[in-house]
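Here are my notes from going through this one. They are in numbered points, so pick out whichever you want to talk over.

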Amino acid sequence: MTALLPNISVPGSTAVLVATTDGPFNLTAAAQAGLGSGQSLAPLCTLCCCGFVNRTLAVVFMVSLAFAIVVGNVVTLTVFVQTRQSRTPQGYLKVSLAIADMMVGLLVVPFSVYTEISLMVMSAPPIWYQGSSTSPASSSTLGGLVSPWQPCMLIGPVFAGCTFVSISTIFLMTLERSVAILRPLHKDALVTRRRTLLFILLSWAASFLLALAPLIFSSNFTLEYNECSRMCNYTPLLFGGQLPPDANILLLFPAFDFTLLGGTLIVNIVSFTSIRRYSRKRKLLSEGSLSDGGGGGGGGGGGCPHRPSFSDIKAAKTIGILTFAFTASFSPIAVFVLGNVVGYTWCNFSFFAFWILTGNSCCNVIIYSVRDHRFRKGVTLLFQRDQSPPHGEKT
């Protein structure tokens, strides 16, 4: 989920962050003296990453995206909470997905907006900027060094955890629809509200545990704000100019994501194959009934006793579109992380990769609006609720 930006330990108990980008460096070697004197220096970078116009356009884009994410998912949550027909296992999964997306719009994107505005209007970056890498450490009563609290230690895991929640929720939605397609008579017995809520809780716990894995299982990682991606990224610490031996722990992220996305793809293929087989059989039975003068009508009913409903088929297709959209938005991040692990770095590409994935948080409501007629009806009733009828027309 995040870029690999190595830290280099230097004398004086100060770590200098060197961004392995296409050219810009956060700090030059000559700037180390400034850090030693207790001054916080702004990062040095090229116009493509940190120019005033570039930052202004990035802030406008971020604000617009945050507004779209929050408003869209608030509407989604309101519709599913206030509509009784949506209080189903599939509805609970959609609520979980909307909550994860809304957390991105409420926490992750606004933090990037705040940081970018601070870098534009202030002569020096915030004291926590780059954490202990560029901020002067203060001595504690025990003689050690105390670094300012790094907000990225919260924002980074939230973004990674919400992304994992989205992937696992889409996987659960695919399984739920596959049961409805392949085993329609056993759907109510296999997919219950209690089991669905339990799986949702497990997916949230496992997702955030995985997001914290680099910090829990290794002491060689930190989280810092990246000037290229404009987000909080996991950063491995360099030892003697070399990456730590456990730097590959970040490969857990794309491995987990592609495992679930691959499983989702396989389940979708099985479901759509069953739907196609059922549609073909229904077409053949319909042709037989016409040729037999209606005698095949009963045979058509007897030939497909366990056929899925039209709503189940349409819901399966909608989830397939959700899977495709998320896979398309996550693929650039996976390419970026894999490229970082093997030594390739792209500053501009990292920005597009991270924010394409972030933009996916406002896509679900668009897909629901196009594909789900119940959702459209719920939105219509939601906005018409304030228009109460006159007293004379009440029955």
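1. Let me begin with the closed space inside. Helices α4 and α5 each put at least two residues into the lining of the largest cavity. Of the contributors, α5 gives the most, with 4 residues. The lining is made up of Asp101, Val104, Phe159, Cys162, Thr163, Ser166, Phe326, Leu357, Asn360 and Ser361. By class, that comes to 5 nonpolar, 4 polar and 1 charged residues. The space in this cavity is about 60 Å³, and the count of cavities of 30 Å³ or more is 2.

2. Before you read too much into any of this, remember that the model is predicted. Average pLDDT over the protein chain is 73, and 70% of the residues score at least 70. Two stretches deserve a flag. Residues 2-44 stay under 50 in pLDDT, although the model gives them 111 contacts beyond four places in sequence. Residues 132-146 also stay under 50, with 28 such contacts. Where pLDDT is low, the predicted coordinates should not be read in detail. I'd leave the contacts of both stretches out of any argument.

3. On the overall picture, the protein chain has 14 helices and 6 strands. Of its 395 residues, 48% count as buried. Taking contacts between residues at least 6 apart in sequence, 73% join residues at least 24 apart.

4. Now for the open space. The largest pocket holds about 580 Å³, and 25 residues line it. Those nearest its centre are Thr88, Gln90, Arg177, Ala315 and Arg374. Which helices supply at least two lining residues each? They are α4 (89-121), α5 (152-182), α6 (187-190), α11 (310-341) and α14 (373-384). The largest share, 6 residues, comes from α11. The lining of the pocket divides into 6 nonpolar, 8 polar and 11 charged residues. For comparison, the lining of the largest cavity has 1 charged residue. Helices α4 and α5 turn up in both linings, supplying at least two residues each to the pocket and to the cavity.

5. Helix α12 is a handy sanity check on geometry. It runs over residues 347-359, and at 1.5 Å a residue its 13 residues should span 18 Å; the end C-alpha atoms are 19 Å apart, so the two agree. Its buried residues are Cys347, Ser350, Phe351, Ala353, Phe354, Trp355, Leu357, Thr358 and Gly359. Leu357 is worth a second look, as this buried residue of α12 is also in the lining of the largest cavity.

6. Two single residues to click on. Ile117 sits in helix α4. Is Ile117 buried or exposed? Neither, quite: its relative accessible area is 37%, and because buried means under 20% and exposed over 50%, Ile117 counts as partly exposed. Its C-alpha atom is 7.4 Å from that of Val59, a residue 58 places away along the chain.

7. The other one is Ser331, in helix α11. At 25% relative accessibility, Ser331 is partly exposed as well. Its partner to check is Phe258: the two are 73 residues apart in sequence, with 9.1 Å between their C-alpha atoms.

Technical notes. Residues numbered from 1 in each chain as written. Predicted model: local features only at pLDDT ≥ 70, side-chain atom pairs only at ≥ 80, totals over all residues. Heavy atoms only, no water. 1 Å grid on protein atoms, 1.4 Å probe; cavity = no way out; pocket = protein on both sides within 12 Å on 5 of 7 lines; lining within 4 Å. Points joined across faces, edges and corners; volume = space filled by probe spheres on them. Nonpolar A, V, L, I, M, F, W, Y, C, P; charged D, E, K, R; others polar. Expected span 1.5 Å × (residues − 1). Buried < 20%, exposed > 50% of the residue type's maximum accessible area, 1.4 Å probe, protein only. pLDDT = per-residue confidence, 0-100. Contact = heavy atoms within 4.5 Å.
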